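User: Please explain the terms applied to this structure, setting each value against its definition.

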Amino acid sequence: MSERETKFVEVIMPLALPNTFSYRVPHEWNDAILVGQRVIVQFGFKGNKQYSAIVAKVHQTPPEAYEAKYIEAILDENPILHPIQLKFWEWISDYYMAHIGDVMVTALPGGLRLASETRVLLHPEYQQVVEDLLDDEYLVVEALELRNVLDLDEISQILGIKHVQPKIKALIEKKAIMVEEEIKQRYKPKLIAYVKLTKQAEQEENLKKIFDEIEKAPRQLELLMTYIQMSSRYSSSPKEVKKIDLQKASNSTSSLVNELVKKEIFEVYEVEAGRIDLESASNPIKELSEDQEKAYAEINTAFESKDVVLLHGVTSSGKTEVYIKLIKEAVERGEQVLYLLPEIALTTQIVRRLQLVFGERVCVYHSRFNENERVEVWNNVLKFNPGHYEDFQIVLGARSALFLPFSKLGLVIVDEEHENTFKQYDPSPRYQARDASIVLAGMHGGKVVLGSATPSVESYRNAQEGKFALVNLNKRFGGVQLPEILCADVKEASKRKKMNSHFTPELLKMMQDHLEDKKQIILFQNRRGYSPILMCETCGNAPQCVNCDVSLTYHKYKRELNCHYCGHHTALPKVCPSCGDTNLQVKGFGTEKIEEELAIYLPQAKIARMDLDTTRAKKAYHRIINAFEDKEIDILVGTQMVTKGLDFENVGLVGVLNADNMLHFPDFRAFERSYQLMAQVSGRAGRKGKRGQVLIQTYNPNHQIIRQVIDNDYLGMYKNELIDRRNFHYPPFYRLIKLTLKHRDEKILFAGANHLTSVLREKFGTRILGPEAPGIARVRNFYHQNILLKIEKEASIKKSKSLLKMAIQDFAIHSAYKSIRVVIDVDPL
C-alpha cells in the first residue's frame, strides 16, 4: 500500500506582507485543492484570526522556518483566478515594489475577500445619504468605494486620528456604513420574486371554484384576474410574472399577494438575476471615413510586427469608431476586449455607443459599483467561453478593470492614454494602468492601442524610437474644422478696469453671442470650492488647517472652510481669529464661485457644475452628462472632468478661466500637462457643424505653451520638453523612484530622512536628490520628506531596486527610525 501524499500550499494573504505563507492540506482535500482557489486559514500571533487567502502554488515541500498549520476550508469548487492573473500580480508586486498582499486587496472585489476582524463596509443604501456627509465622513466612504472594505487601523490612517469610533458611530447612524465581525461571504446574489399558480389552482376546474370563492373579496379577485392576464395563461406562450410587476399592475400590496399564498392559490418563487443592466445590440457599425479607414488599415498592418500602436488623432477625429471596428474583429476571433478610460464620467457616453453595436457582450466595471455588482462582473468575466458564454466579452472600465479574470484577452484599448488618473496614488500598489495593461496584454499574446490627441511624452518617444507603432489621424470627422483658439489678456483688462469679476469682456461677449445662437458653453477652472483663501484685509491672516500645512478652502453652499487633504472643516468665522477684525475677504476663485457669478451676468442661462462636490453620488455623472446632452443645461462649469474625451455636439464655446495656475505648477511635467489640459478642453468645442471657439484667459498671452495650443503644435511642445528632460535627467531618458517618509514628529522624520539619504548616496551617488519637504509638508498631522532616485535608462532597474529594497529594510529595523513610514512610488507622476 503506497503512502499518502502530503501536500502544502503557498497562499497570498490580504495583508501588507512581503511573502507568501505555507499551509498544509488535509489528506482528504488533496484532489480538490487547486491554484487560484480561496482557502480559509488561521493567521496571527495567537492564531485567532481567520482570513481568506489565495492559493498561489501547490507543492510537497514543508516550510523550514515554522510548522505549517492546516488550511481550515476550501471556499471555491473551481478557481476564481487564472494562473496568468497570479503571474500579473507578481509582476505588479515586483515592478512597483509593493507587497503581494496589497496587490490582492486591490485586485479582488471586497465581496470575495473575507476576514474575522472588525471590518467596515458600505451600507447598501449609502448613495441616498452621501450628499449629507461631512467631509471627513465622506473620506471614509470614498475610500470604501475604492477598497470595498476597511479595518479600523486603515480608517485611523485615512482620517489621521487615533480614536475613530465616534466617526464610525456617526456613519452607522446615517446608514452610510455597516460593520461586521464574523467571517462570512458578503456577496449575495440578487433574487427576483415571481408569482405562479399552485399545482392545485393550476387545474382549470379548481380555478373556476377559486373564482367563485373569492368573488366577495373584490381586491383579491382583481389581483387574480390581473395575474391571469399578465401570465397569458390562455395563449400559446405563457409568461412568468414578477411579483413587483403584478402588485403595480393591480395596484395592490405584498400583503395582499401573501393572502392568496395562504389560501394556496399563489406560490412565490425566487430567480437569481444579475445586477448589471445589459442591452441588446440595435445599431450596425458606422461606415468609416477615408481617413478613419486609412488609420484602421495602418493599425492592422502595424499589429503584424508590433504589439502596441499609438493612435495620435486630433480631438473629434473619430478614434472611437476606429476602436469599435477593431473590437468587432477581436470579438469575431473569440477574444476578450478591455477598454480602459481615465474617468468614470466617460463610461456613461461610451458604454451607450458600444452597447448599441455589441449589446450584451459589453459590461462596465469601476469603483462606483457596489461590491455585489463588482462580484457579478468578476464571475461573468471568469465564465467567458467562446461559442458558449459570450456575455461580458467587452469590459469598459477605469484602471481597476485591469485585474478582472480574463482568460483570452486579445485587445486592450487605452483611451486618453496621457491622463494621470491611470496612475494609482494611494493605497499601494501605485501602478500605472497604461503601462501595466501593455504587460498584461503581452502575457495573453494580445495587442494594445493607446489613443490620444495629446500623447504623453513617454509614449510618443516610444513610438519615435520604434518600440510602438505610430498611426496619425489628423483631420476631424466630417470635415469639421478644429476650433478657433483666442487669448484674452487678463493683465491688460485688469489694468484698464474692464474685468467683470473673473471674466474678461471678450469672454462675456462671446458667451452672450453663443447663448443667442442656442449653443452650449463649457467653462474650465481647475479648482473646486468657492475660494481657495479667506483672508483678513487688516492683518493678512488666512485660516489654516489644523492637521495640514495648507489654507482652508471656502465652500459657500455649506458656509464652511474645508481642507481638501484631510477633510477637516470649520464654520465660516465672523471675525478674524487673529486680530478680531470683521474685514474678511475671499481671494482667488473655484468652480462654485464661477457658477454663482455667472447667474449674475447671464441670468437667463441654465448653469450646472461638474466637480468632485457635485459628482459624489453613484449616478451623478450620468445625470449631469445626460442633462447637458439633452440641452437642459446651457453652461457647464467644471474641473478636469470636463476635459476628458466627452462628446457634446452642441458646444460652441469653451472658456479656460485661468491658464497661469497650471503653467506655474512646480513640477517638471507642468508644461506638458498644461498643453494637454488646454488642448483637450478646447477639443470639446465645435465637434459637429459650425466651427467652435475657445478663449484662454491668461496674464501671459505670449507664453510658449499657450502659443503652441493656439497653433495645435503638439510636436513643438514635444521637442521642447525632450530638450529640457534630457538636460535635467527626467523621463523618458531616466526612470524615477520617489520615496516619501512620514512621521508625526518633525525632528525624528528629518533625522531619519537624512540618515536614509546618506545610506542611499553611498549606493547611488549623485542619482539621489533630497531629502526635501514637498510643497505641502504636513498632511493629516504627518510630516513628509521626499527622496528622489534618478536611474539612467541604460542602468539595471532590477539591481537598482534590489539595492533600494535592502536599504529600506535596514532602515525599517533601525531602532531610532523604525516608526517612520516609507512609501515607495515607482514611475511617480
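Analyst: The answers below concern aromatic pairs, burial, charges over rings and strand pairing. The model is predicted: local features need pLDDT of at least 70, side-chain atom pairs count only at pLDDT 80 or more, and totals for chains, interfaces and linings use all residues. Residues are numbered from 1 along each chain as its sequence is written, and side-chain values use heavy atoms, with hydrogens and water left out.

User: Why is the pair of Tyr-460 and Tyr-718 called edge-to-face?

Analyst: Rings of Phe, Tyr and Trp (its six-membered ring) pair if their centres lie within 6.5 Å; planes under 30 degrees apart count as stacked, over 60 as edge-to-face and the rest as tilted. The centres of Tyr-460 and Tyr-718 are 4.8 Å apart and the planes stand at 70 degrees, so this pair is edge-to-face.

User: What makes Tyr-51 buried?

Analyst: Buried means under 20% relative accessible area, exposed over 50%, partly exposed in between (1.4 Å probe, protein chains only). Tyr-51 has a relative accessible area of 4%, and is therefore buried. Tyr-460 and Tyr-718 are both buried as well.

User: How do you know that Lys-801 lies over the face of Tyr-95?

Analyst: The rule asks for NZ of Lys or CZ of Arg within 6 Å of the ring centre and within 35 degrees of the ring normal. Lys-801 lies over the face of Tyr-95 at 3.6 Å from the ring centre. Tyr-95 also belongs to a cluster linked by ring pairs, with Phe-88, Trp-91, Tyr-96, Phe-403 and Tyr-431.
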